[in-house]
Amino acid sequence: MNIPVFPETKVALKEKKGLIVGIANDQSIAWGCAKAFRALGAELAVTYLNDRAKKFVEPLAQALEAPIFMPLDVTVQGQTEQVFERIEKEWGRLDFLLHSIAFSPKEALHGRVIDVGRDGFLKTMDVSCWSFMRMAHLAEPLMKNGGTMFTMTYYGSQMVVENYNVMGVAKAALEAAVRYIAAEVGPKGIRVHAISPGPLATRAASGIPEFDELLDKAQSKAPARSLVSIDDVGAATAFLALDGAKLITGDVIYIDGGYHIID
């Protein structure tokens with residue numbers, strides 16, 4: 001019987017190059033993922049939202065030894081393109097993309113979906129969904145030998161989660177985009193994943209009302225009886241970037257201790 005030989009764990013992503021979008025601080029899901037990618041040998045480009053965020057993100061980028069460190073506010077025209085232009089100039093290719101950003105104006109997020117104004121809805125969709133579609137479009141020609149695209153979603157896309165509101169609508173659209181894009185780029189060897197962690201105490205989550213109650217519910221009901229950590233999410237996400245996961249694509253990958261299977 002032939003036993004498959006796997007590469008050494010610490011170099012499984014050696015010579016792979018990836019873009020990490022969404023690190024805000026050391027509690028960010030994107031930071032957990034970036035650490036896991038780097039531990040497997042990948043070289044990373046890291047972005048930060050603005051000058052205020054830079055002081056929190058720069059030490060983390062330095063710890064990752066990121067050769068590319070750039071501002072990226074997806075609502076600023078041209079900034080997304082500038083990031084990919086630099087990657088093309090310095091690397092000439094991209095092996096994986098991690099999109100871990102979402103935003104909804106307070107008045108849109110805290111109100112009923114039926115009451116959301118047009119501007120709030122468009123801003124929510126722009127940052128939380130369309131920005132991934134745009135990055136996927138720009139990443140596709142750089143993934144010359146295949147690659148992997150990741151974005152972050154949440155259970156509130158599939159079920160009504162109290163206080164998640166219009167963000168659930170945006171995440172549902174994001175998951176649909178993942179399926180369509182996966183079908184479109186699959187023939188080029190590019191995989192696309194929506195990662196759905198259980199609730200995490202991140203900066204982004206702080207905007208959701210009664211979030212502590214959501215954490216307590218997840219821990220008490222999940223089959224694993226445990227909350228997910230950013231390192232748990234990072235390890236599972238990094239696995240999906242490996243060649244061994246090349247036939248997994250187009251789906252929502254739950255990393256939540258099984259919470260999503262419980263009524």
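**A walk from helix H8 to the aromatic pairs**

Let's begin at Ala 238, a residue of helix H8, which spans residues 230-240. The model we are walking through is a predicted one. Ala 238 has a relative accessibility of 1%, and because buried means under 20%, this residue counts as buried. Its contacts beyond four places in sequence are with Leu 13, Ala 36, Phe 37 and Leu 40. For a sense of distance, take Ala 218: it sits 20 residues from Ala 238 in sequence, and their C-alpha atoms are 24 Å apart in space.

Keep Phe 37 in mind, since Ala 238 touches it. Phe 37 also belongs to an aromatic cluster, together with Phe 96 and Phe 150.

The aromatic theme continues: the structure holds 5 aromatic pairs. One pair to look at is Tyr 155 with Tyr 259, whose ring centres are 5.6 Å apart; their planes meet at 65 degrees, so the arrangement is edge-to-face. Tyr 155 is in the loop between strand E5 (147-152) and helix H6 (166-185), while Tyr 259 is in the segment after strand E7 (252-255), so this pair ties together parts 104 residues apart in sequence. Each of these two residues, Tyr 155 and Tyr 259, is buried.

Our last stop is a loop. Between strand E4 (96-99) and helix H4 (106-109) you will find Ser 104, which counts as buried because its relative accessibility is 9%. Its side chain makes a polar contact of 2.8 Å with the side chain of Thr 124. Beyond its neighbours within four places in sequence, Ser 104 is in contact with Thr 124 as well as Leu 109, Val 166 and Met 167.

Technical notes:
Residues are numbered from 1 along each chain as its sequence is written. This is a predicted model: local features need pLDDT of at least 70, side-chain atom pairs count only at pLDDT 80 or more; totals for chains, interfaces and linings use all residues. Side-chain values use heavy atoms; hydrogens and water are left out. Helices (H or I, at least four residues) and strands (E, at least two) are DSSP runs, numbered from the N terminus. Buried means under 20% relative accessible area, exposed over 50%, partly exposed in between (1.4 Å probe, protein chains only). Contact means heavy atoms within 4.5 Å. A polar contact is a pair of N or O atoms within 3.5 Å; within protein, one must be able to donate a hydrogen and the other to accept it, and residues adjacent in sequence count only if both atoms are side-chain atoms. Rings of Phe, Tyr and Trp (its six-membered ring) pair if their centres lie within 6.5 Å; planes under 30 degrees apart count as stacked, over 60 as edge-to-face and the rest as tilted.
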